[in-house]
Amino acid sequence: MSLSFHQKSTILALLLPMALVSSSYSVIEPFFATEAKLKGVGAVTSGFVFAVYFLAQMIAFPLWGKYLPQIGAKNMFLAGLSTSGIGIQLFGILIRLPNTNLFLALSFIMRIVVSLGAAAHETALYTICAHTFPQRTAFILSIAEVMVGIGYATGPGIGGLLYEVGGYEFPFLILGGSVVFAVIISLFILPKQVEVHQLSGSITELLSIWFIWPILLTSFIDSACFTFFQPTMSVHLEQFYLSPMQIGLFYFATTSIYAVTTPMVGYFVDTTGWSRVVILIGLSFSSVGYLIVGPSPMLHLPSELWIIFWEN
């Protein structure tokens, strides 16, 4: 069954913002920690600026899902995108603030604002996809995940390039402006009304299922390791005298490998059912990689750029 022109346009209006908003999270990786350090902000505190993004989403997703029927899918999608786009641009101009504490406080606030907007638009996206593509929902959502990976992968490279071209504010103005432009396009393309039915359920009942906990623990470890690298890796790479654009390309290369291999691993698990084996192998590889990337003093290895790259 082929897609109509309107359905193809809807896919573009839904999925392109996914890549843009995802890149807004990773765009700061090549230079934020260094710029924050110049303002007197330590690496640990910079790490919290990264982490608060996911913390806010963890709280926001259930809330947006609860109030989606009252707000409406399209309204939530557009409002979320608008909030993210404006928040991204405001985050960029915070560098002008002379006061360190004010810069840090507003950085937290703006990251939370962008995160809440991203959670809202992503929650609505799933509903719109299920309504518009009832026979191809899984396929469209798989493309959405690829777009998220593309956003995470290209964000650092684009951020590093734009940073070198126009300074700290430039990446955020361009990216935020692109998100706002996507809102205008989506306003005219997305279906006017999507019916959303309220479903009953309990988080307590979900958490009472014992096999949920190993999955949650694995997801927690994976997310913690992912966010650990973002504020610290750019500082770690300073010893090799790399430019912000080169650091961005480093992030791009490593996250691109992740984006390419993830569908392959997913296909392997779907066809074999060896999900537990894949989880154990993945955690084992990650453990070895974290020991080497430092490297750990126990290994007595030199700190070489090529080792860091291949262990990421």
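# Helix H1 and its neighbours

Analyst: In this predicted model, helix H1 crosses H4 in a left-handed sense. Their axes come within 11 Å of each other, at a crossing angle of roughly 30 degrees.

User: Which label, roughly parallel or roughly antiparallel, suits H1 and H4, whose axes cross at roughly 30 degrees?

Analyst: Angles under 35 degrees count as roughly parallel. The axes of H1 and H4 cross at roughly 30 degrees, so the pair is roughly parallel.

User: Thanks! Which residues make that contact between H1 and H4?

Analyst: On the H1 side they are Ala13, Leu14, Pro17, Val21 and Ser24, and on the H4 side Phe77, Leu81, Ser84 and Ile88. By class, seven are nonpolar, two are polar and none is charged.

User: Why are H1 and H7 called roughly antiparallel?

Analyst: Helix H1 (residues 5–26) packs against helix H7 (residues 169–189) at an angle of about 160 degrees, with the axes 10 Å apart. The label needs an angle over 145 degrees, so this pair earns it. H1 also passes H7 in a left-handed crossing.

User: What makes up the contact of H1 with H7?

Analyst: H1 brings a list that includes His6, Ser9, Thr10 and Ala13, while H7 brings Leu175, Ser178, Val179, Ala182, Ser186 and Ile189. Sorted by class, this contact has eight nonpolar residues, seven polar and no charged.

User: And which residues does H1 use to meet H3?

Analyst: Val21, Ser24 and Tyr25 of H1 meet Phe50, Tyr53 and Phe54 of H3. Five of these residues are nonpolar, one is polar and none is charged.

User: How do you know that Arg96 and Glu169 form a salt bridge?

Analyst: The rule asks for a side-chain nitrogen of Lys or Arg within 4 Å of a carboxyl oxygen of Asp or Glu. Arg96 and Glu169 are 2.7 Å apart, N to O, so they pass. The count by this rule comes to one salt bridge.

User: Why does that pair tie together separate parts of the chain?

Analyst: Arg96 sits in the loop between H4 and helix H5, and Glu169 in helix H7, so the link joins parts 73 residues apart in sequence.

User: What is the confidence in the chain, and which elements have the lowest and highest mean pLDDT?

Analyst: The mean pLDDT of the chain is 80, and 85% of its residues reach 70 or more. Helix H4 has the highest mean among the elements, 92, and helix H12 (residues 305–310) the lowest, 63. Where pLDDT is low, predicted coordinates should not be read in detail.

Technical notes. Residues numbered from 1 in each chain as written. Heavy atoms only, no water. pLDDT = per-residue confidence, 0-100. Helix = DSSP H or I, 4+ residues; strand = E, 2+ residues; numbered from the N terminus. Axes fitted to C-alpha atoms, helices over the stretch in contact; angles between N-to-C directions. Left-handed = near helix turned anticlockwise from the far one by under 90°. Contact = heavy atoms within 4.5 Å. Nonpolar A, V, L, I, M, F, W, Y, C, P; charged D, E, K, R; others polar.
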